[in-house]
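Welcome, and please open your viewer. We will move from stop to stop, selecting a few residues each time and looking at what is there.

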Amino acid sequence: HIGPLAVAADRMLAVAALWAFVAVLSYGSKWVDRDLSRPAFLTVAIGILVARAGFVGGNWPAFAAEPWTAAYIWQGGFSPLFGLGAAAATLVVMLCGKARALAMSTLVAVSAAWFVVERLIEPPARPLPAGLAVERLDERPVALDSLRGRPFVINLWATWCGPCRREMPMLVEVARSNPNVPVLLINQGEDAQRVSRYLAGEGLDAENILLDPLGGVGAALRSSALPTTAFVSADGIVTDVHIGEISRAALIAGVHDLRRPD
């Protein structure tokens, strides 16, 4: 079975970097004879808001359909360079002298460490195993190998999963509007009757809904949480995996990346 929603490693790393920045400045207050805790927290808050605003602004067509989702920061979607620029500007305005020098050097050091570690822990692209098969609601088999030669997206979900249910209407809509890059909504471990009842109750199109009763696709993707969204290139390489609820902007950006020629 695939367990509860997990936090992706990259997001955990970002949180660790933010806390490291605050901790260093708070501890370093004694070196500059000034309490740096408040400037540190304010800098982090402004950096996060500007990083999110930068991502939303750069992907506004995707957010325009559901503007309120701009506040769904748990889905991910930040522009780090915007955030770091805003953080640096905040420190320049708020601090001076030794306090500014300490804060700026800490920001640079923590940011550099964050980017380096993120690159080191980034999982390598790997091929989607051959021989995977799922089935339609009418029990007709579908071999994922039949999609070789074209890019596609896999979303793993279940009716009992709250985040899955929240993102499902958006996923169905994006799947319908991107026929050239199939978005396969593969249910994990549930039968056709239960899935059909859920779709009927929500008024959702069943066109891209597939069943994976034994969770073979989830195991192949090494997924430990629902929902999980994987982007597969035309040559069968899993280029990116998003753990947890995905935003419309992130999904559309991933689809566009798959369309882009190498």
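Select Ser177, which lies in helix 6; helices here are DSSP runs of H or I with at least four residues, strands are runs of E with at least two, and both are numbered from the N terminus. The side chain of Ser177 reaches the backbone oxygen of Val174 at 3.1 Å. Now add Asn178: a polar contact of 3.3 Å joins its side chain to that of Ser177. A polar contact is a pair of N or O atoms within 3.5 Å; within protein, one must be able to donate a hydrogen and the other to accept it, and residues adjacent in sequence count only if both atoms are side-chain atoms.

Before going on, a word on what you are viewing. This is a predicted model, where local features need pLDDT of at least 70 and side-chain atom pairs count only at pLDDT 80 or more, while totals for chains, interfaces and linings use all residues. Residues are numbered from 1 along each chain as its sequence is written, and side-chain values use heavy atoms, with hydrogens and water left out.

**Helix 6 and helix 9**

Keep helix 6 (residues 162-177) and add helix 9 (residues 248-259): their axes come within 11 Å and cross at roughly 30 degrees. Axes are lines fitted to C-alpha atoms, for helices over the stretch in contact, and angles run from 0 to 180 degrees between N-to-C directions. Helix 6 and helix 9 are therefore roughly parallel to each other. For such labels, angles under 35 degrees count as roughly parallel, over 145 as roughly antiparallel, 65 to 115 as roughly perpendicular and the rest as oblique.

Which residues make the contact of helix 6 and helix 9? Show Met170, Leu171, Glu173 and Val174 on helix 6, then Arg248, Leu251 and Ile252 on helix 9. Contact means heavy atoms within 4.5 Å. By class, this contact has 5 nonpolar, no polar and 2 charged residues. Here Ala, Val, Leu, Ile, Met, Phe, Trp, Tyr, Cys and Pro count as nonpolar, Asp, Glu, Lys and Arg as charged, and the others, Gly among them, as polar.

**Helix 4 and helix 5**

Next, select helix 4 (residues 80-94) and helix 5 (residues 97-121), whose axes come within 9 Å and cross at roughly 165 degrees. Are these two helices roughly parallel or roughly antiparallel? Helix 4 and helix 5 are roughly antiparallel. On helix 4, the contact residues are Pro80, Leu84, Ala87, Ala88, Leu91 and Val92, and on helix 5 they are Arg100, Ala103, Met104, Leu107, Ser111, Trp114 and Phe115. Colour them by class and you will find 11 nonpolar, 1 polar and 1 charged.

**Asn155 and its partners**

Now go to Asn155 in strand 4 (residues 152-157). Asn155 is buried, with a relative accessible area of 0%; buried means under 20% relative accessible area, exposed over 50% and partly exposed in between, using a 1.4 Å probe and protein chains only. The side chain of Asn155 makes polar contacts with the side chain of Glu167 at 3.2 Å and with that of Thr229 at 2.9 Å. Leaving aside neighbours within four places in sequence, Asn155 also has contacts that include Leu171, Leu184 and Pro227.

Follow that list to Pro227, in the loop between helix 8 (216-220) and strand 7 (228-232). A cis peptide bond joins Leu226 and Pro227, with omega about -5 degrees.

**Leu210**

Select Leu210 in strand 6 (residues 209-212). Leu210 is buried, with a relative accessible area of 3%. Beyond four places in sequence, its contacts include Val134, Val142 and Ile186. Add Asp138: the C-alpha atoms of Leu210 and Asp138 are separated by 9.6 Å, although the two are 72 residues apart along the chain.

**Two loop residues**

Where is Glu139? Glu139 sits in the loop between strand 2 (133-135) and strand 3 (141-143). Glu139 is not a glycine, yet has a positive phi of about 75 degrees, and is exposed, with a relative accessible area of 59%. Then find Asp33, in the loop between helix 1 (9-32) and helix 2 (37-58). Phi of Asp33 is near 55 degrees, and Asp33 is exposed at 71%.

**Zoom out**

Finally, show the whole chain, which has 9 helices and 8 strands. Of its 262 residues, 45% count as buried.
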